[in-house]
Amino acid sequence: MDSSNSSVFDLPLQPDSTRTTWNRHDSTLVTDDHDHFQNEPHVSDAAASSRSKPSFLVISGGSGGNSICAAFENACYVLPVSDDGGSSSEIIRVLGGPSIGDIRSRLVRLIPPAPLGSPLDAVRTLLSHRLPSNVSENDARAEWRAIIEGQSPLWSGIPNDRKEVIRGFLVYFENEVLKRAHKHFSFLNGSIGNYFLAGAQGFFRSLPSAIFLFSTITNSQANILPVIVTNHITTIAVELEDGTQLLGQCEISHPVAPANSSDSELLSLDPLSPIDGLGEIIPQKRLNIMYSQQAKEGGYEPLHSRICRLYYINGYGHEVYPKPNPQFIKNLSTSEVLVYSCGSLWTSIIPCLALRGVASAIAGSRLLRVKALLLNGSNDRETDGYTAVDYIRAITSVLNSQYPPNGLGNVPLYPISAFITHLVYLEGTNVAVDVEAMTTLGIKCILVGKRSERTPNSEIPQYDAAMVQQAVEEILSGR
């Protein structure tokens, strides 16, 4: 990795899809590929130790689960592709395609630690970089121009082979934007990692291939799955109990004021252009939806009615029923621990569950012995007034819903314990937890986090990797 002449593809590859399973009652290992495992002449102690670790499937959003990734050593991460905020919103508006912001955030988080100034550290710095948001559009474009021309100081320390691979996909992204110049792409607040991933996805016409390329270049062993494999825009909507409908993750979770742009500038779909698709895009009346996680956590305006249903829509606004990523379903059958991560319930977790086949895969898995929900330390706009029981019932209700075309007729309704077996919650959480009610539902409660471990200057308890690891160990030990 440190050699300036090394090939980017000389880096270690991700493990194959064969998942090993762990039995805490004995030392037996089970693998999907039995013949290969039995014919293996010798397994070193280190390899055996690695394989004996329980396998995790973690369902989460981008920022919500990043702080606890270190708690899982043998994990597959499933993320939604429906976030329409940040620089993802501008990419979607102009280029279309699935949202890649949450996936890029997790990929960057899982880049292995590297010495300061090393090539890998330089690659991390580049792919983590955002163009400024408090300057003019011309100034943001000037910085972007320096990056794609290879003149920016951000390239310092990156070996030439990796530089040209990354720059090649950034140039491809720039070319796709120039084909749609009439849409006036804004580079303000743009994420270089998002641009690279979007360029790779557009080139390969495959988001999983783009994820593989990103992981390979960054020497990462990350196993990250988009919950839906698609090259089209993926939009979520919700229906409130009073009948109101909200379109898009931003409207649901953190609505922001529209940017100062004219409608003619924003809705300029050229009917004669071979680039603009028909029915692909729901026109958005705002440029580059910028918000910060800090601003989102600083306060919110509650919804005037609770969410009762989440669904997907196509470019015409019609409800659709997309298939989940087949690798997601496969991993549900080969993993031992399912984790519903902390984060936004209705816009991060539930979009990964409101798909046909997911409920039966969770409830019917023979190996999935632990299904744990990490309860948030506080509610947000989506869950204002929720108790822990409300979180549980929301997840169960979504999973027990029917999703056509294969979900009509006599579909079994599973008990709550088929989807959630453990609730992990923080001491001092602002979300009410009725342990007795949880026990009645067949769910065991695990309390973690001492008050002294709270984040300084914050009254809201938050998870860290050590807390989650403690909870996992307690669950797996059967205490």
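The exercises below work through the fold, two sheets, a helix pair and two single residues of a predicted model.

Residues are numbered from 1 along each chain as its sequence is written, and side-chain values use heavy atoms, with hydrogens and water left out. Local features need pLDDT of at least 70 and side-chain atom pairs count only at pLDDT 80 or more, while totals for chains, interfaces and linings use all residues.

**Exercise 1. State how many helices and strands the protein chain has, and what share of its residues is buried.**

Step 1. The chain has 19 helices and 13 strands. Helices (H or I, at least four residues) and strands (E, at least two) are DSSP runs, numbered from the N terminus.

Step 2. Of the 479 residues, 51% count as buried. Buried means under 20% relative accessible area, exposed over 50%, and partly exposed in between, with a 1.4 Å probe and protein chains only.

Step 3. Contacts (heavy atoms within 4.5 Å) can be sorted by sequence separation. Among those between residues at least 6 apart in sequence, 74% join residues at least 24 apart.

**Exercise 2. Describe the 7-stranded sheet: its strand order, its edges and the helix H19 that packs on it.**

Step 1. The sheet is open, its pairing is parallel, and the order reads S5-S4-S3-S10-S11-S12-S13. Two strands pair if DSSP finds at least two bridges between them.

Step 2. S5 (224-226) and S13 (444-448) are the edge strands; each has a single partner strand, so one side of each lacks a neighbour in the sheet. From one strand to the next, the twist averages 20°.

Step 3. Take one pair as an example. S3 (residues 56-59) and S4 (residues 75-79) are joined in the parallel sense over 4 bridges, and Ile59 has Val78 of S4 as its bridge partner.

Step 4. Helix H19 (residues 465-477) packs on this sheet, where it touches S3, S10 (337-340), S11 (370-374), S12 (422-426) and S13. The direction of H19 makes about 145° with that of S13; axes are lines fitted to C-alpha atoms, for helices over the stretch in contact, and angles run from 0 to 180 degrees between N-to-C directions.

**Exercise 3. Ala465 lies in H19. Decide whether Ala465 is buried or exposed, and find what it touches.**

Step 1. The relative accessible area of Ala465 is 16%, so the residue is buried.

Step 2. Leaving out residues up to four places away in sequence, Ala465 touches Ser67, Ile68, Ala70 and Ala71.

Step 3. Ala71 is 394 residues from Ala465 along the chain, yet their C-alpha atoms are separated by 4.8 Å.

**Exercise 4. Trace the 4-stranded sheet and the partners of S6.**

Step 1. This open sheet has antiparallel pairing and the order S7-S6-S8-S9. S7 and S9 (319-320) are the edge strands, each pairing on one side only.

Step 2. On one side, S6 (residues 235-240) pairs with S8 (residues 307-313) over 6 bridges. Here Ile236 stands opposite Tyr312.

Step 3. S6 also pairs with S7 (residues 245-247), over 3 bridges, and Ala237 stands opposite Leu247. The two strands form a hairpin with 4 residues between them, and Gly243 in the turn has a positive phi of about 95°.

Step 4. In S6, 5 of the 6 residues are buried, so the strand is largely enclosed by the rest of the structure.

**Exercise 5. Describe how H4 packs against H9, and how far H4 is covered.**

Step 1. Two packed helices are described by the angle between their axes and the distance between the axes. For H4 (residues 86-95) and H9 (residues 192-204), the angle is about 35° and the axes are 10 Å apart.

Step 2. Ser87, Ser88 and Ile91 of H4 meet Asn194, Tyr195 and Ala198 of H9.

Step 3. H4 is mostly covered, with 9 of its 10 residues buried; among them are Glu90 and Arg93. Gly96, which follows H4, has a positive phi near 75°.

**Exercise 6. Locate His254 and identify the polar contact of its side chain.**

Step 1. His254 sits in the loop between H11 (249-253) and H12 (263-266). His254 is buried, at a relative accessible area of 8%.

Step 2. The side chains of His254 and Ser253 are joined by a polar contact of 3.0 Å. Such a contact is a pair of N or O atoms within 3.5 Å; within protein, one must be able to donate a hydrogen and the other to accept it, and residues adjacent in sequence count only if both atoms are side-chain atoms.
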